[in-house]
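Trainee: I would like a close look at one residue in a loop. Pick one and take it slowly. Then place it among its surroundings.

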Amino acid sequence: MAGLELLSDQGYRLDGRKASELRKVQARMGVFGQADGSAYMEQGNTKALAVVYGPHEVRGSRSKSLHDRAVINCQYSMATFSTAERKRRPHGDRKSSEMSLHLKQTFEAAVLTQLYPRSQIDIYVKILQSDGGNYSACVNAATLALVDAGIPMRDYVCACTAGFAEGTALADLCHAEETGGGTALSLALLPRSQSIALVQMDARLHQDHLDTLMEAAMEACKGLSKVLDSVVRQHLQEVSVLSRD
Amino acid sequence: MLKSKTFVKKTRSGGVLKIVREHYLRDDIWCGSEVCTECKDDSPVLQRDAFIQSRLCTYPHYLIPDTNVVLHQIDILEDPVMRNVVILQTVLQEVRHRSAPVYKRIKDAIHEKEKHFYTFTNEHHRETFVEREQGESANDRNDRAIRVAALWYNQHLRKAPCAGELRVVLLTNDQANKEKATEDGLLAYRCTARRFPSAQSPWQGVNHGRQISLLNEITGGRVLFPEHLPLSRIQTGIKNGTFLQGTFRANRDNYLEATVFVHGEGEDGTEVLLQGLQNLNRAVHQDIVAVELFPRERWAAPSAAVLEDDHANDEDAEEEEAEKVPCVVRKKTSMLKPTGRVVGIIKRNWRPFCGMLTQSQIKEATRHLFTPADRHIPRIRIETRQASALVGHRIIVAIDGWPRNSRYPNGHFVRNLGGAGDKETETEVLLLEHDVPHQPFSKAVLSFLPRMPWAITEEDLKVRADLRHLCVCSVDPPGCTDIDDALHCRELDNGNLEVGVHIADVSHFIRPGNALDQEAANRGTTVYLCGKRIDMVPELLSSDLCSLRSNVDRLAFSCVWEMNRNAEIIRTHFTKSVINSKASLTYAEAQMRIDDATMNDDITNSLRGLNALAKILKGRRIEKGALTLSSPEVRFHMDSETHDPIDLQTKELKDTNSMVEEFMLLANISVAQKIYEEFSECALLRKHPAPPLSNYDILVKAAKSRDLEIHTDSAKALADSLNAAVLGGFPYFNTLLRILATRCMMQAIYFCSGMDSDFRHYGLASPIYTHFTSPIRRYSDIIVHRLLAVAINADGTYPDLMDKHKQSTLCNNLNYRHKMAQYAQRASVAFHTQLFFKNKGILNEEGFILFVRKNAIIILIAKFGLEGTVFFKNKGKPGPKLSFDSEGPSLTVEDQHTFHMFDKVKVTVTLDASNIQHQKIRMALVEPIAGVSVAWPEPAAKKPKLDR
């Protein structure tokens, strides 16, 4: 009957987290052998797969190539089985084109593209299961895949969403929280320099609350960056152990 | 930090979707007790020496109520005696789901510091979370979760070093649950008031009985209403007489009562009374329903009480309502009316309703109740997410359906009209509510307007009488732009007088059957609101081409009489004409000219002649028994810029008002005779039926209380006795009586002469009457013009004009529109009166008692023409002692003072804005006794506390 209570009086969210707590993050790098870089990312029930090819020569028309830096090509897609309702999702619909564009903008800000003039880097991300925060899962997965491919970046790109309920900012929204009304802000951060690669918000929010919301999102991104860092280090260790043998 | 473990919860919505949600379990949720050393709670809520005086538990203990205890015995939990209670999250969620008001109350209790209520988030605690087992119902799982949590508490507290005898006690109403809990080694008790003797409250004993009936209701799927019969069975039922078909009319003051007006043969219809929600069975005002009559011993009398459905957004407030129904006063058998119940609905008459949203008490809720402005209509439940944006606005909602298990019909949001209290919004609301078509005219309609610049053509002049040389003038209220009548009077050579009434020839411009005509026929009448006019015909016609303004040539339909000096008609002549009005006067200007002896121009002389004749005519009319009635009418002086009312004034009547009126009546009667002569089957006439004698009861009784007698056997007798009813030293008494007499009257209606046999106009004491003189603002006059034009061979006829059935349906529409226009007008005046008093603040005024009711008196303040009710009883609170005598009628308050009709009292007038939708003028007595009446019938609702 009644809508969902996003934040209880005791300070617990729907799934039992507190306002600033992230969902459980799990990640693996180098999941595919054939690609130059790949990674699998879980943020709670949101699961994303990212694959990177390149840098390589610009495919297709030459006119697309840039003389001073690499072109980043992003493609975002969702698996048919990724949502509660099974649905065929054609490529190039408005939502995924928008998402592809956002990803492209994010990584153009992070990848040192000027090191590879006249070349191209392809990033393919697929959402395998969607439970809120698709964009941030994609960015985080793609970051790991880029690291796996050995493409130089300014920093990790960490992305996270933040919402607003009962005067409190909630970090890392799940699907129920995203759709339960209220605001959702996605933010991609380069944590070390604290510079923002991309910030996006559709809903209305009072200006006074924007700072708290950004603050919460940035905190969450920093938390994520630690996790990503540990994932990368662990992966390196595994790889070095393997190569030693 | 947290240890998180991912669980998967599966819920199904619509049986299709599998929703997967994460569910984190934590081990940093504290028990909240002062005793505990293990939990790192900074400010524990539950006290060390938790002690509720109770016969069963003599040791300190914490209480854990289960869901049903909270739902049905919230009164007990709210008692200050109850302290140190653990409310489990499971319980809270279930309560929230089931009843919003109880949820709100328990939340308030939790927020109260002194009560030491603690919410334990057991669903996310690692040790108290339970998963639903296979084959286990959700309710059973919740019960088990509650038991597990209680058990955990017990064990947890035992570990504390200085817990002593501290235990937790589970409160439950469910026998099975109690047994299972005891098996687990828990202390479980059924919650009854007896257990807590220290809590001496009125709920002792009451709740126990109630709780059991409630349990039954909640376990069984709740069905509130009996099923509607299928149409086929209704039809056979109506044919064999077991059911009656009629129009459902809800009672606007009592939502548990309604009447069904059963259309009988001919004129006489009967009314069937319906009482109680079950018997009303989801019928909505104006629906066509089938009713079944109860046997005579179950007949009831309508209750005079005022009941407003103002329960919280709630499903279980219903029990109390159900209890209210049977307490129908079984009075004298003469008061009993046929009573029955609705068995089925033949035709729904739902329309979009204006009103306001009552936001649900749960903040995140998407379902809210909508309260229509029209009090005949029940509240409607709608689903919206933008509730917070719609609160305080007037919105339109349409009903979608009314399922059997729902207390309220379901509907959807249609449109937002704007902020409540805004003048534009409120005007829009009252137009919509009274079904007044007020959209701008469509292109199709406008395309039938004459091209501008328009001039009278040669052909027009050929077929019309040229009366431009006559000294015609018009007399109207100030600011009138749609002048539809003008007059002239001149002396003829033979010493007789020629009197002409010239009416704007609207039928020349509006040709039958085109879009313009159809639109006008649909609108029926122009609606005058305070500061706004909703035209029946486009402005070009109403204010320009048809308006008989001074010094321009205009087309007219003239009715010219030759009269002698005794105002006896010698000859009547109707003609289409061209006139040129010499002056547009106001009533005051015309009066000045007549009174000013120095003026001797043509216009003034003509006015004097008219005035003299009018006086004779009026005298003759009153001789015949025409009634002079009175109604307190007021005019507002509007601020020219803000259009806010700045002053109120009762309408003054001058001689010239009645002069114009007299000739209009004469013209109407002459035309009525003419068209009835020519078309005895299809003349459009107007009649005013004589009211049934019982209508006069109140008037006769009232007069008798002042030792006066009113005769009501004929109009003449009534008029005479009204004239004679004068009290010395009480000049306003006669007006009051006339106001009362007006309320006894029937509505005058249009009808088609071929469909009826009684033509009399009771109020005007005329055997035949019609409307001819205001074609710009009434469609009936346009039809009469057409009929008359055909009768004098000035215009052609068309089939619909001669079809009495078509005429009759047209009449029905016109009657409806007129009625609605009148209501809209009144509503507009009421709204502006409110605006006026809003700016005035609190006023003390003298007034007269107009009616005496069971729990209230109705007071008229003559100065403002304002009527208001003084209540003596406050809802839920014992009021002063009242004794009502229906034969007086009089009302005695506290045995000290008896109020009779027409008593002079002094009241304070305030604007009650507590219900923004129905802002009302409130009155409270100051003299002769102050303090007994209730200024506000209910105390302003407590501001709901914010949830956090």
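**A loop residue and its setting**

Mentor: B:Asn281 is buried, because its relative accessible area is 0%. Buried means under 20% relative accessible area, exposed over 50%, and partly exposed in between (1.4 Å probe, protein chains only). The model is predicted: local features need pLDDT of at least 70, side-chain atom pairs need 80 or more, and totals for chains, interfaces and linings use all residues. Residues are numbered from 1 along each chain as written, chains are lettered from A and ligands numbered from 1 in the order written, and side-chain values use heavy atoms, without hydrogens or water.

Now the backbone. B:Asn281 has a phi near 45 degrees, a positive value in a residue that is not glycine. Its loop runs between helix H9 (277-280) and strand S11 (288-293) of chain B. Helices (H or I, at least four residues) and strands (E, at least two) are DSSP runs, numbered from the N terminus.

Set A:Arg118 beside it. A:Arg118 is not a glycine either, and its phi is positive, about 60 degrees. A:Arg118 also sits in a loop, between H1 and strand S5 (119-129) of chain A. But A:Arg118 counts as exposed, because its relative accessible area is 52%. B:Gly625 has a positive phi too, of about 110 degrees, and comes just after H19(B).

Back to chain B, and to a strand. B:Thr259 lies in strand S9 (residues 257-262) of chain B. With 17% relative accessibility, B:Thr259 counts as buried. Contact means heavy atoms within 4.5 Å. Beyond its neighbours within four places in sequence, B:Thr259 contacts B:Thr247, B:Phe248 and B:Arg249, along with B:Glu271, B:Val272 and B:Leu273.

Next, two helices further along chain B. Helix H19 covers residues 602-624; at 1.5 Å a residue its 23 residues should span 33 Å, and its end C-alpha atoms are 33 Å apart, which agrees. The expected span is 1.5 Å times one less than the number of residues. The buried residues of H19(B) include B:Ile603, B:Leu607, B:Leu610, B:Ala614 and B:Leu617, and polar or charged names such as B:Asn611 and B:Arg621 are in that set as well. Helix H20 (residues 655-678) has 24 residues and an expected span of 34 Å; its end C-alpha atoms are 35 Å apart, which agrees. H20(B) is mostly covered, with 17 of its 24 residues buried.

Now the nonpolar cores. A core is a set of buried Ala, Val, Leu, Ile, Met, Phe, Trp, Tyr and Cys residues joined through side-chain atoms within 4.5 Å. The largest has 87 residues, and B:Leu541, B:Trp561, B:Leu607, B:Met659, B:Phe663 and B:Tyr779 have the most contacts inside it. Leaving out residues up to four places away in sequence, B:Leu541 touches B:Leu449, B:Pro450, B:Phe509, B:Ile510, B:Leu516, B:Cys546 and B:Ser547. Another core lies apart from the largest one; it has 59 residues, including A:Ala110, A:Tyr135, A:Ala188 and A:Leu198.

Finish with chain A. It has four helices and nine strands. Along the sequence they run β-β-β-β-α-β-α-β-β-α-β-β-α. Of the 245 residues in chain A, 49% count as buried. Among chain A contacts with a separation of 6 or more, 69% join residues 24 or more positions apart. One peptide bond deserves a look: from A:Gly54 to A:Pro55 it is cis, with omega near 0 degrees. A:Pro55 belongs to strand S3 (residues 46-57) of chain A.
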